[in-house]
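Here are some short exercises to work through with a structure viewer open. Try each task before you read its solution.

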Amino acid sequence: MVDALNGLIVLANFVLIPATAYGAQLALGALGVTLIYGILRFSNFAHGDTMAFGTAITVLVTWGFQALGISFGPLPTALLALPIGIAATSLLVVGTDRAVYRFYRKQRAAPVIYLIASLGVMFVLNGLVRFIIGTDDQRFTDGERFLISVREFKAMTGLAEGLAIRTTQVITVVVAVLVVAALFWFLNRTRTGKSMRAYSDNEDLALLSGINPERVVLYTWLIVAALATTAGVLYGLDKSFKPFVYFQLLLPIFAAAIVGGLGNPLGAIAGGFVIAYSEVLITYPMKRVLGYWMPESLEPDGLVQLLSTDYKFAVSFSILLIVLLFRPTGLFKGKSL
């Protein structure tokens with residue numbers, strides 16, 4: 001029984017808890033992608049770099065607060081800087097829409113034209129973020145590092161393995177739950193949210209009903225800016241901030257949105273956790289866990305690792321291909337809010 005508990009703690013430390021936090025971050029990112037697709041009807045390839053921009057601004061403001069001696073007690077100061085990062089990202093995406101996407105919207109351009117335009121925006125943002133904050137890893141977390149440390153857990157339980165829960169992991173899950181709850185309340189309970197859903201379901205009928213399309217577009221971009229910045233900051237707090245990593249995150253985020261059902265918010269959340277748990281499980285060496293759970297004679301000699309962690313994005317890509325081949329609408333039916 002004790003060995004089974006020790007194995008479960010190892011699994012929780014290196015798979016369950018990290019994958020849950022990572023899944024929440026991917027879910028928030030995928031929600032932004034799915035809102036753009038469901039309402040504005042194009043795949044926004046600049047989403048990863050939008051996350052990077054919002055996070056970069058938040059990092060700079062966090063450093064400014066820290067230099068002034070402003071802190072958030074045991075919580076990261078970045079949470080105080082987050083609203084400023086969201087505001088800056090909102091100005092960026094609304095300005096980009098006015099400068100780039102509005103023209104194609106008036107021309108009723110094909111979705112592929114939007115996609116190509118978003119690629120151009122992606123490269124511009126990629127260079128802008130690197131110019132603002134550089135290319136190196138940036139760590140901006142402060143406050144209490146652990147909610148529960150390995151030493152404390154061992155002292156409490158007397159087990160050989162200790163459970164460690166980082167503060168940033170708990171913050172990620174709590175903030176993600178609050179943001180998702182607020183988003184669904186907004187979409188289902190407010191007049192603007194209902195207008196956005198109607199516009200997504202049938203644009204022509206929504207226009208005949210008197211819905212202002214520019215207002216719908218504006219609120220969509222503002223929500224996407226908030227989701228992207230929050231997801232980016234939570235990811236940076238949990239790991240570290242490096243602009244190129246956010247460019248790479250575009251693959252698992254899109255995979256999460258497509259696996260769940262592109263255009264479906266519930267699907268984006270489910271897809272985020274499917275991708276996160278798949279990446280972490282397949283790339284984690286299970287030797288220690290199986291060492292506790294299997295008889296001594298059957299203990300594995302190798303690492304029992306299906307893929308190296310260097311190939312975790314290959315897991316996302318493989319799942320994406322499988323879903324596109326066998327269930328292109330995703331786990332939930334996509335293309336609607």
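The exercises below cover cavities, pockets, salt bridges and a surface patch in this predicted model.

**Exercise 1. The enclosed space**

Task: Find how many cavities of 30 Å³ or more the structure holds, and work out which residues line the largest cavity.

Solution:
- Step 1. Begin with the count: the structure holds 1 cavity of 30 Å³ or more.
- Step 2. Next comes the volume, which is about 60 Å³ for the largest cavity.
- Step 3. Now select the lining of the largest cavity: Asn44, Ala46, Thr50, Leu92, Val93, Thr96, Tyr101, Val121, Leu125 and Trp221.
- Step 4. Assign the lining to helices. Both α3 (78–106) and α4 (111–133) supply at least two residues, and α3 gives the most, with 4 residues.
- Step 5. Sort the lining by class: 7 residues are nonpolar, 3 are polar and none is charged.

**Exercise 2. The largest pocket**

Task: Describe the volume of the largest pocket, its lining and the helices that supply residues to that lining.

Solution:
- Step 1. The largest pocket holds about 540 Å³ of space.
- Step 2. Its lining is made of 20 residues, and those nearest the centre are Pro18, Tyr235, Lys239, Val280 and Lys312.
- Step 3. Trace the lining back to the helices: α1, α9, α10 (243–248), α12 (265–283) and α14 (312–326) each supply at least two residues.
- Step 4. By class, this lining divides into 9 nonpolar, 5 polar and 6 charged residues.

**Exercise 3. The second largest pocket**

Task: Do likewise for the second largest pocket, and say which helix gives the most to its lining.

Solution:
- Step 1. About 380 Å³ of space lies in the second largest pocket.
- Step 2. Of the 17 residues that line the second largest pocket, Arg105, Arg108, Tyr114, Tyr199 and Glu203 lie nearest its centre.
- Step 3. At least two lining residues come from each of α1, α3, α4, α8 (203–208) and α9.
- Step 4. The helix that gives the most is α3, with 4 residues.
- Step 5. The class count for this lining is 10 nonpolar, no polar and 7 charged residues.

**Exercise 4. Salt bridges and a network**

Task: Starting from the side chains of Arg98 and Asp97, follow the salt bridges and find which residues are joined into one network.

Solution:
- Step 1. A reminder before the search: side chains of opposite charge can pair when their charged atoms come close. With a cut-off of 4 Å between the side-chain nitrogen and the carboxyl oxygen, the count comes to 8 salt bridges.
- Step 2. Arg98 and Asp97 meet in a salt bridge at 2.9 Å, N to O. Is each partner buried or exposed, or in between? Arg98 counts as partly exposed because its relative accessibility is 33%, while Asp97, at 0%, counts as buried.
- Step 3. Move on to Glu214 and Arg102, whose closest N and O atoms are 3.6 Å apart in their salt bridge. This pair links distant parts of the chain, with Glu214 in helix α9 (residues 213–238) and Arg102 in helix α3, 112 residues apart. Glu214 is partly exposed at 30% relative accessibility, and Arg102 is partly exposed at 27%.
- Step 4. Turn to Arg288 and Glu161, a salt bridge with its closest N and O atoms 2.6 Å apart. Here too the pair links distant parts of the chain: Arg288 sits in helix α13 (residues 287–293) and Glu161 in the loop between α5 (150–157) and β2 (165–166), 127 residues apart. Arg288 is partly exposed, with a relative accessible area of 40%, whereas Glu161 is buried, at 14%.
- Step 5. Finally, join the salt bridges that share partners: Asp97, Arg98, Arg102, Arg105 and Glu214 form one network.

**Exercise 5. A nonpolar surface patch**

Task: Identify the residues of the nonpolar patch on the surface, and explain why Leu16 counts as partly exposed.

Solution:
- Step 1. Select Met1, Leu5, Leu8, Leu16, Trp293, Met294 and Leu298, which form the patch and together have about 690 Å² of accessible area.
- Step 2. Look for the main contributor: helix α1 (residues 2–40) gives the most to the patch, with 3 residues.
- Step 3. Place Leu16, which lies in helix α1. Leu16 counts as partly exposed because its relative accessible area is 32%.

Methods
Residues numbered from 1 in each chain as written. Predicted model: local features only at pLDDT ≥ 70, side-chain atom pairs only at ≥ 80, totals over all residues. Heavy atoms only, no water. Patch = residues over 30% accessible without salt bridge, like charges linked within 9 Å, V, L, I, M, F, W, Y side chains within 5 Å. Areas by Shrake-Rupley, 256 points an atom, 1.4 Å probe, with all protein chains shown as cover. Buried < 20%, exposed > 50% of the residue type's maximum accessible area, 1.4 Å probe, protein only. 1 Å grid on protein atoms, 1.4 Å probe; cavity = no way out; pocket = protein on both sides within 12 Å on 5 of 7 lines; lining within 4 Å. Points joined across faces, edges and corners; volume = space filled by probe spheres on them. Nonpolar A, V, L, I, M, F, W, Y, C, P; charged D, E, K, R; others polar.
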